[in-house]
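Got the viewer open? Let's walk through this one stop at a time, with something to select at each.

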Amino acid sequence: MARRVSETRRWTFTILAWLVALAIFFPILWTILTSFKSEADAIASPPKFLFFDWTTENYAEVQSRSPYFRHFMNSVIISVGSTLLGLLIAIPAAWSMAFQPAKRTKDLLMWMLSTKMMPAAGVLIPMYLMFRSFGLLDTRIGITVVLMLINLPIITWMLYTYFREIPGEILEAARMDGASLSKEIIHVLTPMAVPGIASTLLLNVILAWNEAFWTLNLTTSKAAPLTTFIASYSSPEGLFYAKLSAASTMAIAPILILGWFSQKQLVRGLTFGAVK
Amino acid sequence: MATQHQRTLARFMVAPSVLLLLGWMIVPLAMTLWFSFQSYNLLSPGMEQFIGFTNYRYFLSDPAFWQAMANTLLIVGGVLVITVGGGILLALLLDQPIRGQGMVRILMIAPFFIMPTVSALVWKNMFMNPVNGLFAWMAKAVGAQPIDFLAQYPLMSIILIVAWQWLPFATLILLTAMQSLDSEQMEAAEMDGAGAWAKFTHLVLPHLSRAITVVILIETIFLLSVFAEILVTTNGGPGYASTNLTYLVYSQALLQYDVGGASAGGIIAVILANIVAIFLMRMIGKTLE
C-alpha cells in the first residue's frame with residue numbers, strides 16, 4: 001500500500017516537473033523551431049508547432065545579408081581573449097592570497113567584489129570619451145580589455161576558492177622530498193590547480209559572451225560581437241521572425257552547450273564557493 | 001612562518017590585479033565626478049565651464065529621474081521576489097524523486113545562458129507582439145482582446161523577461177543548497193510528527209538562508225544595471241515608463257550628448273549602488289564567515 005502511494009507521488013512530481021521545465025525552456029525551443037520555418041509560417045495563425053515545411057534557408061540568408069561569421073568570431077575572440085587575459089593577471093594574485101594569506105586578504109577580496117557593484121552608468125561617460133579620443137571605439141582590443149576588467153574580480157574570487165582547497169601540506173611534503181621550486185610547480189601544483197582554472201575559464205567565457213552593456217555601448221560594427229549584432233534586429237528587421245530566430249539560434253547554441261557542461265561548476269563559481 | 005622574501009613576492013603577485021581594479025574604479029569615477037560639475041555638451045565642444053551643482057539640481061528636479069529611480073528599484077525588487085520565491089518552489093519540486101531529473105535540470109537552466117539581447121528580442125517579437133505574438137494568439141483563441149504588453153505594461157514586461165533569465169540561476173543554487181540538507185535531520189523531524197509546513201519553515205528555510213543571501217547579492221549586482229533588455233524592447237518608453245537609472249544616464253549622454261547632466265546621474269547611480277552595497281555586504285559578510 002505504502003509503495004503504491006509513493007509511486008503515485010513520484011509520477012505526479014515527475015509530470016509536474018517536466019511541465020514546468022518545458023514551459024521555462026519553451027521560448028528557446030520556439031526560437032529554434034521558428035528558425036526552420038519560412039517567414040510566412042513563422043507568423044502563421046494558429047501557430048504551426050511541428051508540421052510546417054522545414055527549411056534551412058534562413059541560416060544561409062542571415063550570413064548572406066550580414067557578415068554574421070565576423071560577429072561570431074568577434075564574440076569568440078573577445079570572450080576568450082578577455083578571460084585568458086584575466087586569468088593571466090588573476091592566477092598569481094589568487095595563488096598568493098590562497099597560500100600566503102596576509103591579515104587583510106579577506107578585506108582585499110571583499111573590496112574586489114565590491115568593485116563589481118559600481119554601476120556601469122557611473123563610468124560609462126568617461127570610458128566612452130576616452131575610447132573615442134584614443135580611437136578605441138569599435139575595436140576588439142578595447143572591448144576585450146574592458147570585459148577583462150569587469151570580470152577580474154569574479155575570476156580572482158573563483159580561483160581563490162579553488163586554490164584554497166589545495167592542501168598546503170602537500171607542498172611541504174614535496175619540499176621535504178627535495179623538489180625544487182620549478183618541479184614543485186610543474187608536478188605538484190599545476191595538476192591540482194588545472195580543474196579550478198578550467199572551470200573559471202569556462203564560466204567567464206560564458207559571462208563575457210553574454211555581456212551586453214559594454215559591448216552595446218563601445219562597439220557598433222567592425223568589432224561588434226553577437227550581442228550587438230542581434231540588437232540590430234530590434235529595428236523593423238526584427239519583424240522577420242524566421243531570420244531573427246536563425247541568427248539567435250546561432251548566437252546562443254555554442255554557449256548553451258558549454259553552459260550545460262559547466263552546470264556543476266556554475267553554482268560553486270558564481271556563489272564564490274559559498275554554496276557547493 | 002612566511003619569510004620576508006615570500007611576503008614581498010606575494011605582494012608582487014597581488015599587485016597587478018589590485019592596481020588594475022583600483023585604476024578602473026578611480027580614474028573613470030573621478031572623471032565622472034569632474035564632468036558632473038561642468039556644463040559640457042558634446043554638440044558644443046570648447047564651451048565647457050564649471051557650474052557647481054547645477055547639473056545635480058537639474059537632475060534631481062527632473063521627474064524623469066525620480067521615475068527612473070523608482071523603476072530601478074522596482075526591477076530589482078520585482079525580479080528578486082519572482083526568482084527567489086519561484087526558485088524555492090522549483091527547488092522543492094526538483095528535490096523530489098523525479099524521473100529524468102538530469103534532463104529536467106538541463107531544460108530549466110537553459111535561459112541563464114541566453115544572451116540578454118536575444119531573450120529580449122525573442123520575448124518582444126515572438127511572444128509579446130500584439131499582432132503576431134504567441135500571447136496574442138492565445139488571447140484571441142479564448143476570445144479576449146490581445147494585450148500590447150510592451151506598450152501597456154512596459155515595466156512589468158521587462159521584469160518578466162529579466163526574471164525568466166534569472167529564475168534558473170536562483171533555482172539551481174537553491175536546489176544545490178537543498179540537496180546538502182541532512183536527511184537524518186529530516187527523518188528525525190518526521191518521527192517527531194512534524195508536518196510538511198513545519199519541516200519547511202523550521203528546517204529547510206533556515207538551511208537555505210545562506211544560499212538565498214548569495215542569490216540576492218549576485219542578482220542585485222546585475223539587476224541594478226539592467227540595460228540591454230530595455231534598449232531592445234522599449235527604449236525606456238513610453239515616456240519614461242520603463243527607464244531605469246542606467247538607461248537614463250545612457251540616453252542623456254549618448255542620445256542627448258549632455259555629458260554634464262549624465263555624469264551627475266551617473267554619480268547618483270553610484271551613490272544608490274553604494275547604499276545597497278553596504279547593506280548587502282553586511283548581510284553577506286555575516287553569512288559567508
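Start by selecting chain A and switching to cartoon: you get 12 helices and 0 strands. From the N terminus on, the order of elements is α-α-α-α-α-α-α-α-α-α-α-α. The radius of gyration of chain A is 24 Å, well over the 19 Å that the globule rule gives for 276 residues, so chain A is more spread out than a compact globule. Rotate along the principal axes and the C-alpha trace of chain A spans about 75 × 75 × 35 Å.

Keep in mind that this is a predicted model, so colour it by pLDDT before going further. Chain A averages 84, with 96% of the residues scoring at least 70. Two helices of chain A mark the ends of the scale: H8 (residues 168-176) has the lowest mean pLDDT of the chain's elements, at 75, while H4 (residues 68-99) has the highest, at 91. Where pLDDT is low, the predicted coordinates should not be read in detail.

Next, stay in chain A and select H7 (140-163) and H9 (181-210). How are H7(A) and H9(A) oriented to each other? Their axes are 10 Å apart and pack at an angle of about 150°. With angles over 145 degrees counted as roughly antiparallel, H7(A) and H9(A) are therefore roughly antiparallel to each other. The crossing of H7(A) past H9(A) is right-handed.

Now show side chains along that contact. On H7(A), look for Leu147(A), Asn151(A), Ile154(A), Ile155(A), Met158(A), Leu159(A), Tyr162(A) and Phe163(A). Facing them from H9(A) are residues including Ala193(A), Gly196(A), Ile197(A), Thr200(A) and Leu203(A). Sorted by class, this H7(A)–H9(A) contact has 12 nonpolar, 4 polar and no charged residues.

Time to move to chain B. Its secondary structure comes to 13 helices and 2 strands. The radius of gyration of chain B is 24 Å, whereas a compact globule of 289 residues would be near 19 Å. Taken along the principal axes, the C-alpha atoms of chain B fill a box of roughly 75 × 75 × 30 Å.

Back to the confidence colours for a moment: chain B has a mean pLDDT of 86, and 97% of its residues reach 70 or more. Among the elements of chain B, H9 (residues 183-191) of chain B has the lowest mean at 78, and H3 (residues 63-94) of chain B the highest at 93.

Now pick out H5 (residues 116-127) and H8 (residues 154-179) of chain B, whose axes come within 10 Å and cross at roughly 130°. That makes H5(B) oblique to H8(B). H5(B) passes H8(B) in a right-handed crossing. Turn on side chains and you'll find Pro116(B), Ser119(B), Ala120(B) and Trp123(B) of H5(B) meeting Ile161(B), Trp164(B) and Gln165(B) of H8(B). By class, that contact of H5(B) with H8(B) has 5 nonpolar, 2 polar and no charged residues.

For the last stop, show both chains together. The predictor gives the complex an ipTM of 0.86 and a pTM of 0.88. Select the residues in contact across the chains: 78 come from chain A and 80 from chain B. Which helix of chain A gives the most to the side that touches chain B? Highlight H1(A), with 16 residues. Other elements giving two or more residues to this side of chain A include H4, H5 (105-115), H6 (120-133) and H12 (241-270) of chain A. Colour that side of chain A by class and it divides into 58 nonpolar, 18 polar and 2 charged residues.

Notes
Residues numbered from 1 in each chain as written. Chains lettered and ligands numbered in written order. pLDDT = per-residue confidence, 0-100. Helix = DSSP H or I, 4+ residues; strand = E, 2+ residues; numbered from the N terminus. Axes fitted to C-alpha atoms, helices over the stretch in contact; angles between N-to-C directions. Parallel < 35°, antiparallel > 145°, perpendicular 65-115°, else oblique. Left-handed = near helix turned anticlockwise from the far one by under 90°. Contact = placed C-beta atoms within 7 Å. Nonpolar A, V, L, I, M, F, W, Y, C, P; charged D, E, K, R; others polar. Rg over C-alpha atoms; globule rule 2.2 N^0.38 Å.
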